[in-house]
Amino acid sequence: NKKGFIFDLDGVIVDTAKYHFLAWQKLAKSIGIDFSHEQNEQLKGVSRVKSLEKILTWGNKTISEDKFNALMASKNDDYLSFIAKMNHNEILPDVPKVLNYLKEQDQPISLGSASKNARQILEKVDLLKQFDAIVDGNDVSKAKPDPEVFLVAAKALNIKPEECIVFEDSVAGVQAANTANMISIGIGEQNVLHEADYVFSDFTEIDTAFIDKLIKR
Ligand code: G6P
Ligand code: MG
């Protein structure tokens, strides 16, 4: 009995929101916009382009296309300078335990991330080889809550969408999984991720009995 296990990256496998925050805050400051932690929360799961659009809207600013592209590029340079210093210690608690258990049970595993930096991050934290497929922001054109990224991941694993299980920390990602007809598992707060089929605060709360139940479902 094989299911497709699909993991979001940012906020599920690693906590990169703090690096996105620093890079977005620097960008916002450079154009005279304040940027708060609360706003950063709202950018979870949101693509790079959409994130900058939101920041500009919040700051009531319009800029030229050239400036927009230049800001996107320098934001990513800053972000990558943080990523460069990452190592396996930044993997969130018990993620390797769950990945290893799924491997032992011979279950297909894919990444399903909006990030265009996903491969680099997985490589830095030494998790690249745990994935049978990697689907990220370079492979899709429609951002979450559109289900495209998860449907492409299901296809890459050769598993039907209804037989897939998605781990997600963002509201948009949970919605994408639900629209794709997959089981959605929220990683974070119940009151934020209430649309998910199950919510856990982190992987330390997920035991092998629960995973067995998902596999047998
Ligand atoms: C994830 C993060 C977002 C980020 C997006 C694009 O969804 O939660 O905060 O904007 O990926 O990431 P990228 O690495 O391509 O800028
Ligand atoms: Mg995420």
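This passage describes the overall form of a predicted model, then one helix, one strand and the surroundings of a ligand.

The protein comprises 9 helices and 6 strands. Along its principal axes, the C-alpha trace spans about 55 × 35 × 30 Å. For 217 residues, a compact globule would be expected to have a radius of gyration near 17 Å, and the value of 17 Å found for the protein agrees with this. Of the 217 residues, 39% count as buried. Among contacts between residues at least 6 apart in sequence, 60% join residues that are at least 24 apart.

Helix H7 covers residues 148–157. Because 7 of its 10 residues are buried, H7 is largely enclosed by the rest of the structure. The buried residues of H7 are Val149, Phe150, Leu151, Ala153, Ala154, Ala156 and Leu157. These residues pack against four strands and a helix, namely strand S1 (4–7), strand S2 (109–112), strand S3 (133–135), strand S4 (164–168) and helix H8 (171–179). After H7 comes asparagine 158, which has a positive phi, near 65°.

Strand S4, one of the elements against which the buried residues of H7 pack, is itself mostly covered, with 5 of its 5 residues buried. In a regular strand, side chains alternate between the two faces of the sheet. In S4, Cys164, Val166 and Glu168 lie on one side, while Ile165 and Phe167 lie on the other; all are buried, and both faces of the strand are thus covered.

S4 pairs with S1 in the parallel sense over 4 bridges. In S4, isoleucine 165 has phenylalanine 5 opposite. S4 is also joined by 4 bridges to strand S5 (residues 183–187), and these two strands run parallel. Here glutamate 168 stands opposite glycine 186 in S5. Together, S4, H8 and S5 form a right-handed β-α-β unit. The helix of this unit, H8, is also among the elements against which the buried residues of H7 pack.

The model also contains ligand 1, which has 15 residues around it. Of these, Asp10, Ala114, Ser115, Lys116 and Asn117 come nearest. By residue class, the shell around ligand 1 divides into 3 nonpolar, 8 polar and 4 charged residues.

Definitions and conventions: Residues are numbered from 1 along each chain as its sequence is written. Chains are lettered from A and ligands numbered from 1 in the order in which they are written. This is a predicted model: local features need pLDDT of at least 70, side-chain atom pairs count only at pLDDT 80 or more; totals for chains, interfaces and linings use all residues. A residue is near a molecule or strand if its C-beta atom, placed from the backbone, lies within 6 Å of it. Ala, Val, Leu, Ile, Met, Phe, Trp, Tyr, Cys and Pro count as nonpolar, Asp, Glu, Lys and Arg as charged, and the others, Gly among them, as polar. The radius of gyration is taken over C-alpha atoms; the globule rule is 2.2 Å times the number of residues to the power 0.38. A residue is buried if 20 or more other C-beta atoms lie within 10 Å of its own, exposed if 12 or fewer, and partly exposed in between; C-beta atoms are placed from the backbone. Two residues are in contact if their C-beta atoms, placed from the backbone, lie within 7 Å. Two strands pair if DSSP finds at least two bridges between them. A crossover is right-handed if, with the strands pointing away from the viewer, the path from the first strand over the helix to the second runs clockwise.
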